[in-house]
Amino acid sequence: GVAMPTGFASLNDGTTGGGSGPIVVATSASQFQSFATQSGPLNIMVEGTLNVGSVAVASDKTILGGSSGGEIVGSLRLSDVSNVIIRNLAISNPSDAGEGDAITLRESTNVWIDHNEIFDAPDGLVDIVRESDFVTVSWNKFFYTPDYAANVNTNHRFAMLIGNSDSATEDADNLRVTVHNNHWGNAVRERMPRVRYGQVHVFNDYVNTPGNNYVVRSALEAEVLIENNSFENVDDPFEKTDTGLIEASGNLFVNVTGSMDAGDNVFDPPYSYFLHDAADVKEVV
């Protein structure tokens, strides 16, 4: 059967992507651009490394790596779309296509980003903003390659922004995101994630980012539930600013310094999910 997401992407009628639509194979950037932007359900298999620039992905798409491995170089932009799955890909945007993110969600709902390697972008790796909702980000590896971190993006290695403006008060009933079983790795400095307004559930992530600024930040009117994660070699695993709230339990801290602000009561996830013990997360992830 087709895998289903855990978390917020499973709600609101679920996230099926291309579903039972046709399966097509993209072996060139122009093919990929044509497939990803057309209307109707479609399952797009990416074969090889495609330098796609900036692509506006349409609704009802599954984009996945093919049998030989698939790599997208450029920016996948999801703007005012719904029901998109991105999985089993390597995605990077070293040349600053689009808005500078590897993946950008604006006003988009029911998106599942799963089992990817997402790395080397000048702005965010994944930014989820402007009333996006019902999103799950699972089983991905986020990192920057040593050369890129040393020579290209030396400072702004800020991985995941959920809510991009204090003034975007329309985000208050949106930005429900589940972030689970991800590996935050080499040279990520902060925003793993940084949240405004949303309800964000972070569980079973493995974080090992020496030299970072902070891992999770809950800011203006955000509620963040942080469960059974493994934090290793990091500073400030989680912190609150403005009116942000954090509830945290079951987390493991190894060689960790700085803030662990929590103690609030936040939302109860409206879905079922499986929690590994934090001690098992590094091996599982």
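A search of the whole structure, which is a predicted model, finds nine aromatic pairs. One of them is formed by Phe-8 and Phe-267, whose ring centres lie 6.0 Å apart. Their planes meet at 40°, so the pair is classed as tilted, since that class covers angles that are neither under 30 degrees nor over 60. The two partners come from distant parts of the chain. Phe-8 belongs to the segment before strand S1 (23-26), while Phe-267 sits in the loop between strand S23 (252-254) and helix H3 (278-284), and 259 residues separate them.

Are these two rings buried or exposed? Phe-8 has a relative accessibility of 1% and therefore counts as buried. Phe-267, with a relative accessible area of 8%, is buried as well. The cut-off behind both assignments is a relative accessible area under 20%.

A stacked arrangement is found for Phe-142 and Trp-184, with 4.2 Å from centre to centre and 10° between the planes. Phe-142 is part of strand S11 (residues 141-143) and Trp-184 is part of strand S14 (residues 183-184), so this pair ties together parts that are 42 residues apart in sequence. Phe-142 has a relative accessible area of 0% and is therefore buried. For Trp-184 the relative accessible area is also 0%, so this residue is buried too.

The pair of Phe-8 and Phe-267 belongs to a wider set of ring contacts. Ring pairs link Phe-8, Phe-203, Phe-267, Tyr-271 and Tyr-273 into a cluster.

The backbone holds several further points of interest. Most residues other than glycine have a negative phi, and most peptide bonds are trans. Against that background, the peptide bond joining Met-192 and Pro-193 is cis, with omega about -5°. Pro-193 is placed in the loop between S14 and strand S15 (194-195); S14 is also the strand that holds Trp-184.

Where are positive phi values found in residues other than glycine? Arg-130 has a phi of about 55°, and Glu-221 has one near 60°. Each occupies a loop: Arg-130 lies between strand S9 (126-129) and strand S10 (133-138), and Glu-221 lies between strand S18 (216-218) and strand S19 (223-227). Arg-130 is partly exposed because its relative accessibility is 26%. Glu-221, at 47%, likewise counts as partly exposed; that class runs from the buried limit of 20% to the exposed limit of 50%.

These details belong to a protein chain with three helices and 23 strands. Its C-alpha trace spans about 50 × 45 × 40 Å along the principal axes. A compact globule of 285 residues would have a radius of gyration near 19 Å, and the 18 Å of this chain agrees with that expectation. Of the 285 residues, 58% count as buried. Among contacts between residues at least 6 apart in sequence, 55% join residues at least 24 apart.

The surface and the charges complete the account. The chain exposes about 10600 Å², and carbon and sulfur atoms supply 45% of this area. There are 15 positive and 38 negative side chains, and the centres of the two sets lie 4 Å apart.

Key. Residues are numbered from 1 along each chain as its sequence is written. This is a predicted model: local features need pLDDT of at least 70, side-chain atom pairs count only at pLDDT 80 or more; totals for chains, interfaces and linings use all residues. Side-chain values use heavy atoms; hydrogens and water are left out. Helices (H or I, at least four residues) and strands (E, at least two) are DSSP runs, numbered from the N terminus. The radius of gyration is taken over C-alpha atoms; the globule rule is 2.2 Å times the number of residues to the power 0.38. Buried means under 20% relative accessible area, exposed over 50%, partly exposed in between (1.4 Å probe, protein chains only). Contact means heavy atoms within 4.5 Å. Accessible areas come from the Shrake-Rupley method with a 1.4 Å probe; for residues, only the protein chains shown count as cover. Lys and Arg count as positive and Asp and Glu as negative; His and the chain ends are not counted. The place of a charge is taken as NZ of Lys, CZ of Arg, CG of Asp or CD of Glu. Rings of Phe, Tyr and Trp (its six-membered ring) pair if their centres lie within 6.5 Å; planes under 30 degrees apart count as stacked, over 60 as edge-to-face and the rest as tilted.
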